[in-house]
Structures are given as C-alpha cells and as structure tokens.
Amino acid sequence: MSSSPVYEAVVLGGGLNGLSTLYHLARMGLKRIALFEQFTLFHPYGSSHGESRITRSVYFEAIYVHLMRYAREEEWPRLENDSGKKLIRPCDGCIFGPEHGLFQKYAQTVLKINPQVHILDLKTAQRQFPQIQFNSGDGILQEVTAGIISADQTLRALAQISAQRGAVIYENTAVSKIEVAKNGITLSTAKGSFQTERLVITAGAWSAQLLPWMASRLNVIRQSVGYFKITSPRIDLSSFPVWIYLGENAKQVYYGLPEVEKNVLKCAQHEVQGRTDIPVGESIAPNPCQIEHLKNFVKSHFPFSTLLSQADTCLYTVTATEDFVLSPHPEYPQIVIGSGCSGHSFKFGPLTGRILAELLLYGKTSIPEFEADRSRFRLNF
C-alpha cells in the first residue's frame, strides 16, 4: 500500500461530469478530494471535447425541461461567477421538423413549462430565421433561453477552480481495479494504490470497463460531426440560431450551431442506435456514411452553398431510454455512478455534477423534481 492520503472522495473520469462533480465536492467543503483521469485532461477521445455545445430546454420529457431550468438559472450562473468568465452566449434557438413527427411531443411538453418557448407560424419563422429552409408542413419553435456554450473553457474553468480549492488531479492515471471493504475503497493504478471513503464514477464510454455488469445496459455510439464553411451567399454567423431538426423518428434528428470564431457551422446527426464502439485511447475516424448523410441534410435544409472543411468524432454512451444514469451503486451506497448521458448532457453539466455530489454526501438531492423521479435515473443489476 502506498503512503498516499486517504481521500474523503475520489472522482474517476475527467470529462464534464467528473470535473463538475469535483467542483461541487470542493464547493461543499470537502478538503481531501481527488480526480483520476486515464489520459490528460481535455483529451479528444471521449464525449466532452470540442469548442462549443448547444444549450436549450426543449425536451419531450418534462423532467429534463425542469432540470434545465435549474441548470440555466442556478448552476451556469454560479460557475460563471466563480470562474469570472462568460461561458454561455445567448442565442435564439430554432427547433423544427414535420409537425406530426417528433416535433409534436417536444412542443406539447415544453410549452407547458417554459414560457420563453413559442410556436411560430411559417411566415413568422421565415422572417425570424431566414438562414433555415422550412417546409410547409413543419412545426417551428423559437426558444429565447437557448445559447452556445464555450465547452473547452467550461472544462478548464471547472478544473482550475477545483484545483484552487484544494482538489488533486491525477492525469495519465488509469484505475485498473476497484475494491470495496468496510474500511474504505481501494483504487489500483500503475502509480500505486489509493484509498478513499467515497467514490464517484463518471467514466463515460469506459464505464463498463470499470463496472462490467453495466456493459449490457450501455451502448457506445460513435458520432460524426461536420464543420461547414458557407461559400455563398455571405451569411453573418453572429446572428445564426442554434437549431434542432426533429424528423419522423429517432433516426432523423439533426442539430447544429455557428462557431463564429472559426467561421463555420457545426452540424451533426444525433445517432443513438447502432453497433457498440470499443473506446480506445486514440481518435476514431468519422463514419463516411454519416458524413454523407450530413452533407445531404445541410444541402436540403439551408438556403446557401457550403463546403465541408473538417470532420470530427465523439462518443455517446447511450442507455436504452436515453435517460441519464445518476444513481448510487445498487450494492454500495458510498459509490455513485454518473453515466449513459446519451449525447445530451453538456448543457446539464454543472447541474449533474451537483446531483452526483449531493447523492454521494447526503444520499439525496436538493432538487424536488429529480427526487420525485429518482427511478428514471437508477441503474440496477
């Protein structure tokens, strides 16, 4: 056994959820806390890398609309205040698609909860969002609480604040074994063994390698992301909305946002079905078929010419229902798991970190809507 300290809490995984949990544990007063990341922080191999993400509250499940309100009104302002940085640029959101497809479910839910989301008729939408080519049968929502998250800056802010508050961050330190005993939890690494009283596992696509019983419940899906330059006519990206296209079914969901500094549109298809990818410690090539689908979508839904300038990948860790896993371990209450966020967690990140930290320390959270729906986020044996 090494002579390293016994930590009050350790977080495994340094993506958004892990760094956010570490930040909240420090905020809640823990002094001996650490995070273990198998690569360097901010690596490009998982789900959290990249310059930008969308924030929006349009969901077809009411719980996520409610949780987004806590994230938007409490946790993002807290993080911006603590970091001294503006991490979200407000930007109109446009959610559109065939009126009797997925759009209807999303609209029915969000319009009951968020008064800052509005239905637009076709003519109004064309005036409001001339950058998008709508079809006559489309339903269209405008969300004024949407925005663009500075993703990379968010990760760096969480890490910096946590370190300033005393957290220890171990990079290039993979945990190969977790042993639970009455007197604590032992983590085995190539750098020695470490002990902790409590543990949070936020390992993303690698979760099932640490907890093999989760393998049948999590599917790792490669996402191919395209970056498009607008060639003609000239478009002011600073006024371009973030957008979500909701098709007839779950295979027809696309999204995008402007990256103004790079002068490109970031676009992707939301892929939640398909074969499982094995996560590795290197970049995975974009899927050529997905990129072609993306090119065709952009060509048919936007009234301008584009050129694909770059393609990238990230890994979704998907549950069967696309619900997040935010839950104590089924057998060990001193271990909490955050995983399976199914490609839509970045906007919730500062809040999911709070939820995981509260579950670890108190066994419950301070969010009534989450507590009323705890079973949704539980992953049993």
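A residue counts as exposed when its relative accessible area is over 50%, as buried when that area is under 20%, and as partly exposed in between. Keep those cut-offs at hand as we walk through this predicted model, and let us try them on proline 90. Its relative accessible area is 59%, so proline 90 is exposed. This proline belongs to strand β5, which covers residues 88-90. Leaving aside residues up to four places away in sequence, proline 90 touches Ala146 and Gly147. Arginine 72 stands 18 residues from proline 90 along the chain, and the C-alpha atoms of the two are separated by 11 Å.

Now let us step back to the whole chain. Its secondary structure comes to nine helices and 21 strands. The radius of gyration is 21 Å, close to the 21 Å that the globule rule gives for 381 residues, so the chain is as compact as a globular protein of that length. Taken along the principal axes, the C-alpha atoms fill a box of roughly 65 × 40 × 40 Å. Of the 381 residues, 55% are buried. If you look at contacts between residues at least 6 apart in sequence, 75% of them join residues at least 24 apart.

The surface and the charges can be put briefly. About 16100 Å² of the chain is exposed, and carbon and sulfur atoms supply 49% of that area. There are 37 positive and 34 negative side chains, and the centres of these two sets lie 1 Å apart.

With the overall picture in place, a good strand to visit is β12, residues 184-189. Six of its six residues are buried, so β12 is largely enclosed by the rest of the structure. You can follow how the residues alternate: Gly184, Thr186 and Ser188 point one way, while Ile185, Leu187 and Thr189 point the other way, and all are buried.

Which strands pair with β12? One is β11, residues 175-181, which pairs with β12 in the antiparallel sense over six bridges. In this pairing alanine 181 stands opposite glycine 184, and a hairpin of two residues joins β11 to β12. Another partner is β13, residues 192-196, which runs antiparallel to β12 and is joined to it by five bridges. Here the bridge partner of isoleucine 185 is threonine 196. A hairpin through two residues joins β12 to β13.

Next comes strand β15, residues 219-232. Ten of its 14 residues are buried, so β15 is largely enclosed by the rest of the structure. Strand β19, residues 305-318, runs antiparallel to β15, with 13 bridges joining the two. Within that pairing, valine 225 stands opposite aspartate 312. Strand β18, residues 264-269, also runs antiparallel to β15, and four bridges join them. Phenylalanine 228 in this case stands opposite leucine 265.

From β18 we can move on to threonine 276, in the loop between β18 and α7 (288-301). Its relative accessible area is 37%, which makes threonine 276 partly exposed. Residues up to four places away in sequence aside, threonine 276 touches Asn219 and Val220. Both of these contacts fall within the range of β15, residues 219-232. Threonine 154, by contrast, is 122 residues from threonine 276 along the chain, and their C-alpha atoms are separated by 28 Å.

Let us finish with some backbone geometry. Most residues other than glycine have a negative phi, and most peptide bonds are trans. Against that background, where does this model have a cis peptide bond? The bond from serine 232 to proline 233 is cis, with omega near -10°. Proline 233 lies in the loop between β15 and β16 (242-246).

Two residues deserve a look for their phi. Phenylalanine 42 has a phi near 65°, a positive value in a residue other than glycine. This phenylalanine lies in the loop between β3 (33-36) and β4 (52-55), and phenylalanine 42 is partly exposed, with a relative accessible area of 27%. Glutamate 322 has a phi near 70°, again positive in a residue other than glycine. Its place is in the loop between β19 and β20 (325-328). With a relative accessible area of 25%, glutamate 322 is partly exposed.

Note on methods: Residues numbered from 1 in each chain as written. Predicted model: local features only at pLDDT ≥ 70, side-chain atom pairs only at ≥ 80, totals over all residues. Heavy atoms only, no water. Rg over C-alpha atoms; globule rule 2.2 N^0.38 Å. Buried < 20%, exposed > 50% of the residue type's maximum accessible area, 1.4 Å probe, protein only. Contact = heavy atoms within 4.5 Å. Areas by Shrake-Rupley, 256 points an atom, 1.4 Å probe, with all protein chains shown as cover. Lys, Arg positive; Asp, Glu negative; His and termini not counted. Charge placed at Lys NZ, Arg CZ, Asp CG, Glu CD. Pairing = 2+ DSSP bridges.
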